[in-house]
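Dear colleague,

Please find below the structure for your review. A summary of the findings follows it.

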Amino acid sequence: MSFSNTDTGSKPADPYKAENKSEPDLKTKVDDLVSFIESCKFGMMTTRIESSGLLVSRCMAVAAKEGGGLDLLFHTNTESGKTDDLKHDPKINMAFLDGEGQWASISGTADIITDRETVRKYYSPQLKAWLGDLGDGKHDGGPEDPRIGVIKITAQTATYAVSSTNFISRQYQVAKGTVTGQPASVNKLREISEEELQECK
């Protein structure tokens, strides 16, 4: 059952979404999403805490992409809280936002990969700055350090908004909407379903 607080009759209850929804062909939707993620690099990874059921988000850098650029990979310390969260509940969200107000939200499931072949493939020497060298000859932040793993997000759905105009035009649309009550046309709001994602991988 969905939430509703009023009845708007035949008029859209969410005029912003109705005005900005964009439905190009699937290739365009996917290409624009992948391009936006590449431009952001950093995003917020949201998992569920086992003990409380509450959600927690962490800033993460994309290490690599698979599945046509839609399945995202991240380095992780296997001894961290997020791996505990994902062992309990693999459902995950990854959100990206830039300074222009463009954004993307990708929901899916996560796998924690610890095999050395995968870790070596995506290893970065910069990981030493985050894990440190414990001086025991094993936990040195190198590619054989068992603390280093990879979180792979298999995307199931995606929603994103990219700007259809420049900053000045968007500000004009907002000002116009404030005066006239007409919804501002400032974004290309797009959704990619699970079926569409499977089709393009």
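**Helix 2 and the largest pocket**

On the other side of helix 2, away from its buried residues, Lys27, Glu38 and Ser39 are exposed. Please note that this is a predicted model.

Helix 2 covers residues 26–40, 15 residues in total. From its first C-alpha to its last it reaches 21 Å, close to the 21 Å expected at 1.5 Å a residue. The buried residues of this helix are Leu26, Lys29, Val30, Leu33, Val34, Phe36, Ile37 and Cys40. Viewed down the helix axis, these buried residues fall within an arc of 160°, so they line one face of helix 2. In general, an α-helix has 3.6 residues a turn, so residues three or four places apart point the same way.

Both ends of helix 2 merit a remark. At the N-terminal end, Asp25 acts as a cap, with a side-chain oxygen 3.2 Å from the backbone nitrogen of Lys27. Just after the helix, Lys41 takes a positive phi of about 70°.

I turn now to the largest pocket, which holds about 550 Å³ of space. It is lined by 17 residues, of which Met60, Ala61, His75, Leu127 and Trp130 are the closest to its centre. Two or more lining residues come from each of strand 2 (55–61), strand 4 (71–77) and helix 5 (128–131). Strand 4 gives the most, with four residues. By character, the lining divides into ten nonpolar, five polar and two charged residues.

Yours sincerely

Technical notes: Residues numbered from 1 in each chain as written. Predicted model: local features only at pLDDT ≥ 70, side-chain atom pairs only at ≥ 80, totals over all residues. Heavy atoms only, no water. 1 Å grid on protein atoms, 1.4 Å probe; cavity = no way out; pocket = protein on both sides within 12 Å on 5 of 7 lines; lining within 4 Å. Points joined across faces, edges and corners; volume = space filled by probe spheres on them. Nonpolar A, V, L, I, M, F, W, Y, C, P; charged D, E, K, R; others polar. Expected span 1.5 Å × (residues − 1). Buried < 20%, exposed > 50% of the residue type's maximum accessible area, 1.4 Å probe, protein only. Arc of directions from axis to C-beta. Polar contact = N/O pair within 3.5 Å; in protein donor to acceptor, adjacent residues only side chain to side chain.
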